[in-house]
Amino acid sequence: MIMGDPASRIKEDVVAALHTVVDPCGLFNRSHVTIGELGMYRNIEVFEDRLEIELFLDDPSCSFAGQIMLDIRHAVGAVAGGRAVEMKIVVDDVWDEDRITEAGQRKLAAARAALLQSLSH
């Protein structure tokens, strides 16, 4: 495992990339909230040949898990420096709404408000 400044810079780039990956449900609810904003990752490890990212699913039966992983692989691959991008689904803990960033909370609130407004007309 790579430690220190190089690993920190790579992890920062990975986190930034995760903030570009829109959660598929965010497309449907028009919030366009990202995996990063939802806090759907827990740990990022940097190795010479690969990156390992631990992912939460917001629902264990998420039918978009495969698409989310493909989108993450594409976004993170662009900053991985030629390393393979591997993901592991977290099974020893659960995702909850406390992991959502302030930006994510604002996007979700705005999408809810827009939906409620459209339903009231």
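The following paragraphs describe the fold, two of the helices and several local features of a predicted model.

The chain contains 5 helices and 3 strands, and these elements succeed one another along the sequence in the pattern α-α-α-β-β-α-β-α. Taken along the principal axes, the C-alpha atoms fill a box of roughly 55 × 25 × 25 Å. Of the 121 residues of the chain, 37% count as buried. When contacts between residues at least 6 apart in sequence are considered, 65% of them join residues at least 24 apart.

Helix H1, which spans residues 5-18, has 14 residues and reaches 20 Å from its first C-alpha to its last, close to the 20 Å expected at 1.5 Å a residue. Its buried residues are Ala7, Ile10, Val14, Ala17 and Leu18, and these cover an arc of only 100 degrees around the axis, so that they are placed on the same side of H1. The spacing of such residues can be read against helix geometry, since an α-helix has 3.6 residues a turn and residues three or four places apart therefore point the same way. On the other side of H1, the residues Asp5, Arg9 and Glu12 are exposed. The packing partners of the buried residues of H1 are helix H3 (35-38), strand E1 (41-46), E2 and H4. Asp13 also belongs to helix H1, but with a relative accessibility of 38% Asp13 counts as partly exposed, because this value falls between the 20% limit for buried residues and the 50% limit for exposed ones. The C-alpha atom of Asp13 is separated by 17 Å from that of Thr101, a residue 88 positions away along the chain.

An analogous description can be given for helix H4. This helix has 13 residues and reaches 18 Å between its first and last C-alpha atoms, close to the 18 Å expected at 1.5 Å a residue. Ala65, Ile68, Ile72, Ala75 and Val76 are the buried residues of H4; because they cover an arc of only 95 degrees around the axis, they lie on the same side of H4. Leu70 and His74, on the other side of H4, are exposed. The buried residues of H4 pack against H1, H2, H3, E2 and strand E3 (84-89), and the packing of H1 against H4 thus appears in the lists for both helices.

Among the aromatic side chains, the count comes to 1 aromatic pair. The pair is formed by Phe28 and Phe64, whose ring centres are 5.7 Å apart and whose planes stand at 35 degrees, so the pair is classed as tilted. Since Phe28 lies in helix H2 (residues 24-28) and Phe64 in the loop between strand E2 (50-55) and helix H4 (65-77), the pair ties together parts that are 36 residues apart in sequence. With a relative accessible area of 63%, Phe28 is exposed, whereas Phe64, at 27% relative accessibility, counts as partly exposed. A further feature that involves an aromatic ring is found at Phe47, where Arg50 lies over the face of the ring at 3.9 Å from its centre.

Within strand E2, attention is drawn to Glu52, which at 13% relative accessibility counts as buried, because this value is under the 20% cut-off. The side chain of Glu52 makes a polar contact with the side chain of Lys88, at 3.5 Å. If neighbours within four places in sequence are left aside, the residues in contact with Glu52 are Asn43, Ile44, Glu45, Phe47, Glu86 and Lys88. Phe47, the residue whose ring face is covered by Arg50, is therefore also one of the contacts of Glu52.

The backbone was also examined for residues with a positive phi. Most residues other than glycine have a negative phi. Arg30 departs from this tendency with a positive phi of about 65 degrees although it is not a glycine, and His32, likewise a residue other than glycine, has a positive phi near 55 degrees. Arg30 is found in the loop between H2 and H3, and His32 lies in the loop between H2 and H3 as well. In terms of accessibility, Arg30 is exposed, with a relative accessible area of 70%, while His32, at 39% relative accessibility, counts as partly exposed.

How values were computed:
Residues are numbered from 1 along each chain as its sequence is written. This is a predicted model: local features need pLDDT of at least 70, side-chain atom pairs count only at pLDDT 80 or more; totals for chains, interfaces and linings use all residues. Side-chain values use heavy atoms; hydrogens and water are left out. Helices (H or I, at least four residues) and strands (E, at least two) are DSSP runs, numbered from the N terminus. Buried means under 20% relative accessible area, exposed over 50%, partly exposed in between (1.4 Å probe, protein chains only). Rings of Phe, Tyr and Trp (its six-membered ring) pair if their centres lie within 6.5 Å; planes under 30 degrees apart count as stacked, over 60 as edge-to-face and the rest as tilted. A charge sits over a ring if NZ of Lys or CZ of Arg is within 6 Å of the ring centre and within 35 degrees of the ring normal. The expected span of a helix is 1.5 Å times one less than its number of residues. The arc is that of the directions from the helix axis to the C-beta atoms. Contact means heavy atoms within 4.5 Å. A polar contact is a pair of N or O atoms within 3.5 Å; within protein, one must be able to donate a hydrogen and the other to accept it, and residues adjacent in sequence count only if both atoms are side-chain atoms.
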